[in-house]
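Okay, my turn. I'd like to talk about salt bridges today, so let's get the model up on the screen.

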Amino acid sequence: MTTPPEFSEQSRVPPELTALAADKGADVYRRCLAHARDLASAAEVVRDRGLHHIGFGLTVLGFEELGKAAMIAAAGIDRKSVVEGK
């Protein structure tokens with residue numbers, strides 16, 4: 001049995017996620033949003049072809065990407081750099 005990762009008392013964010021956010025957070029955040037948009041577009045295409053079950057699955061995956069973006073944002077990335085594209 002493995003021990004759970006140590007958490008920072010101040011942020012309650014696992015250290016490995018904090019390191020990701022500090023290093024590559026803004027880029028990963030933008031990519032998650034782009035993936036969510038792509039999945040939404042693909043869901044529309046397959047829905048229009050009558051494949052509603054596949055469209056639903058793609059929509060769920062898109063929501064997962066949005067959730068990842070929200071977790072990265074909550075981990076404390078510099079939101080100004082995301083907006084400015086830096």
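Let's start with Lys 68, which is partly exposed at a relative accessible area of 37%. For the cut-offs, with a 1.4 Å probe and protein chains only, buried is under 20% relative accessible area, exposed is over 50%, and partly exposed is in between. The side chain of Lys 68 meets that of Glu 65 in a salt bridge, 2.8 Å from N to O. By salt bridge I mean a side-chain nitrogen of Lys or Arg within 4 Å of a carboxyl oxygen of Asp or Glu. Glu 65 itself is buried, with 11% relative accessible area. These two sit three residues apart in helix α2, residues 52-74, so about one helical turn separates them. Helices here are DSSP runs of H or I, at least four residues, numbered from the N terminus.

Quick word on the model: it's predicted, so local features need pLDDT of at least 70 and side-chain atom pairs count only at 80 or more, while totals for chains, interfaces and linings use all residues. Numbering runs from 1 along each chain as its sequence is written, and side-chain values use heavy atoms, with hydrogens and water left out.

So how many salt bridges do we get by this rule? The count is three.

Over in helix α1, residues 15-48, Arg 31 and Asp 27 are four residues apart, again about one helical turn. Their side chains form a salt bridge at 2.9 Å, N to O, and Asp 27 is partly exposed at 34%.

Then there's Arg 47 with Asp 48, at 3.1 Å, N to O. Arg 47 comes out partly exposed at 41%, whereas Asp 48 is exposed at 58%.
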